[in-house]
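Hi everyone, thanks for making time this morning. I'd like to walk you through one structure, so please have a look at it before we talk it over.

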Amino acid sequence: MGEQVHDGHPARATRLGPPWPRGAARLGDGDVLVGGVSLTELAEAYGTPVYVLDEAEARRRAAGYRTALPDASVHYAAKAFLCTSFARWMDQEGLGLDVCSGNELALALAVGFPAARIILHGNAKTESELLLAVKHGVGRVVLDSFPEIAHLAALADPARPQGVYVRVVPGVAAGHHAAVRTGVDDQQFGFALEDGGALEAVERVLDQPHLRLDGLHCHLGSQITDIEPFLTAVGRLVGLLGRLRERRGVTLPELDLGGGHGIAYRVGDAELPPEDFAAYVLPRLRACCAEAGIPVPRLVLEPGRAIVGPAGVAVYRVLSVKVAASGRRFVAVDGGMSDNPRPALYGAEYSVQLIGRRSAALMEPARVVGRHCEAGDVLVPDASLPADVRPGDLLAVPASGAYQLSMASGYNLVARPPLVGVREGAWKVLLRREALSDILEREGVGAAG
Ligand SMILES: Cc1ncc(COP(=O)(O)O)c(C=O)c1O
Ligand SMILES: N[C@@H](CCCC[NH3+])C(=O)O
């Protein structure tokens, strides 16, 4: 781990609230500390763009779920971001893991993540992914199609029935963009309640002796800031549990409501904290179960963004500033849609700050754009930055921990950025920057010079 004693001006330090990680502070010289480490120093040491991950913030958020919901089973959704260190942190915090590919599963197993606490998802799992899950004793496989029920049953070990959930589409629309709303019909995930598909799937699973049906699952969508859709989903899923009890006399012990809990990307944005699940979802679950005359299943949750999103900060360097004929000021940085495709994909909104120096200039509108060869490579369309922002300046984007590095691409062969973990004034490179040799190696070609 690198270490640092920062000699800024603590007396003039200002605490930064959400969307920054807890404890982040702006020093008198304009530098920002995250996890007690200077972002400017990390940018100097590792180049830009550089992603910074505050370990304490991620652990605090994971632990927050356990405290708010001590009887629930909480599985971190690895799709939001995964590396071996992060898998270890989640294990140490007592969370399970939700994975949705063979490689996510293999990475978790490689660091000894207990297979029994892993849930495998996917609307199109390969045979080798199912086999890997069965072989290592993955706790639950979430069944997503009729052929998969028979397929997994055939692969399962007769001596050790495979735990499964059936993914149900409850007909609830929620989430920040149509592309992430999976709780409604006419998308590729799960079995609909509406046309009886979910009931049929459950019946088929119950007829498979090598599968053990542990519960129902649903995932409504992502970046949901309102608890109401979850309450509606609880009512509908408990309705199905009640019918199952009547028809087949079965009682399912678990109910997985997926993830999707929203976070703040800008000052003042709403969040959906775990305390809201304790305050509203648990009582609704109890009430619905009482009405249906069934025992209350254990609540299972799969938050991804809400754990890792606020723990990440992206730091870029300004490469050019230009005023277009339209009069708009474009501030171009050395990253863009290759490390953060969310604005281009979903119109996602972020905040951005000049760091590393103080500016007395007036704040003026600016469009922060990336370096890729398309006009849609916009990171923050309507930012406000000092009028004197210039090439060489550093810009920081908080709330960058989720669905950025995990969705990063190699567009324009721009190397994927490094990730530096910070904690209590010390830091460690968790992922190094992608090198040209990594790119050439895939072709079996050595790097020149
Ligand atoms: C099945 C499932 N579970 C959990 C998640 C995690 O979602 P989020 O990161 O929004 O909490 C997702 C992605 O939205 C998902 O598809
Ligand atoms: N990538 C999406 C979230 C997808 C969630 C996966 N089910 C986003 O950034 O909002």
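Let me start with a question for the room: which exposed residues sit on the face of helix 6 turned away from its buried side? They are Pro-147 and Ala-154. Keep in mind, as we go, that what you see on the screen is a predicted model.

Now turn helix 6 around. Its buried residues are Ile-149, Leu-152 and Ala-153. Looking down the axis of helix 6, those buried residues fall within an arc of 105 degrees, so they line one face of the helix. As a reminder of the geometry, an α-helix has 3.6 residues a turn, so residues three or four places apart point the same way. And what do the buried residues of helix 6 pack against? The partners are helix 5, strand 10, strand 11, helix 7 (197–206) and strand 13 (211–217).

Helix 5 is on that list, so let's go there next. Helix 5 runs over residues 127–136, and its buried residues are Glu-129, Leu-130 and Ala-133. They cover an arc of only 100 degrees around the axis, which puts them on the same side of helix 5. Please note the glutamate in that buried set, Glu-129. On the face turned away from the buried side, helix 5 carries the exposed residues Glu-127, Ser-128 and Lys-135. The cover over the buried residues of helix 5 includes helix 4 (102–110), strand 9 (118–120), strand 10 (140–143) and helix 6 (146–155). Just after helix 5 comes Gly-137, with a positive phi of about 70 degrees.

Let's zoom out to the whole chain. How many helices and strands does the chain have? There are twelve helices and 23 strands. The radius of gyration is 23 Å, close to the 22 Å that the globule rule gives for 449 residues, so the chain is as compact as a globular protein of that length. The C-alpha trace spans about 70 × 50 × 45 Å along its principal axes. Of the 449 residues, 45% are buried. If you take the contacts with a separation of 6 or more, 68% of them are between residues 24 or more positions apart.

The domain assignment splits the chain into domain 1 (2–54 + 312–441) and domain 2 (55–309). Their centres, taken over C-alpha atoms, are 33 Å apart. The contact between them takes 25 residues from domain 1 and 24 residues from domain 2. On the domain 1 side, strand 6 (50–54), helix 11 (342–346), strand 22 (419–423) and strand 23 (426–431) each supply at least two residues. The largest share of that side, four residues, comes from strand 22. By class, the side of domain 1 that touches domain 2 has 15 nonpolar, six polar and four charged residues.

Now for the ligands. Why does ligand 2 lie between the domains? Domain 1 and domain 2 both give residues to the shell around ligand 2, so ligand 2 lies between them. The residues in question are Lys-79, Val-180, Ser-222, Gln-223, Arg-342, Tyr-346 and Tyr-403. By class, that is three nonpolar, two polar and two charged residues.

Around ligand 1 there are 18 residues, and those that come nearest are Ala-77, Ser-222, Gly-259, Gly-304 and Arg-305. The shell around ligand 1 has six nonpolar, eight polar and four charged residues. You'll have spotted Ser-222 in the shell of ligand 2 and again beside ligand 1.

Let me finish with some backbone details. Tyr-403, which we met around ligand 2, has a phi near 55 degrees, a positive value in a residue other than glycine. Tyr-403 is in the loop between strand 21 (394–398) and strand 22. Is Tyr-403 buried or exposed? Tyr-403 is buried, with 24 other C-beta atoms within 10 Å. Asp-186 also has a positive phi, of about 65 degrees, although it is not a glycine. Asp-186 lies in the loop between strand 11 (162–169) and strand 12 (191–192), and Asp-186 is exposed, with 6 other C-beta atoms within 10 Å.

Finally, the prolines. The peptide bond from Pro-18 to Pro-19 is cis, with omega near 15 degrees, and Pro-19 is in the loop between strand 2 (14–15) and strand 3 (25–26). Another cis peptide bond joins Thr-48 and Pro-49, with omega about -10 degrees. Pro-49 is in the loop between helix 1 (39–46) and strand 6. Thanks for listening!

Terms used:
Residues numbered from 1 in each chain as written. Chains lettered and ligands numbered in written order. Predicted model: local features only at pLDDT ≥ 70, side-chain atom pairs only at ≥ 80, totals over all residues. Near = placed C-beta within 6 Å. Nonpolar A, V, L, I, M, F, W, Y, C, P; charged D, E, K, R; others polar. Domains from an automatic or database assignment. Rg over C-alpha atoms; globule rule 2.2 N^0.38 Å. Buried ≥ 20, exposed ≤ 12 C-beta atoms within 10 Å, placed from the backbone. Contact = placed C-beta atoms within 7 Å. Arc of directions from axis to C-beta.
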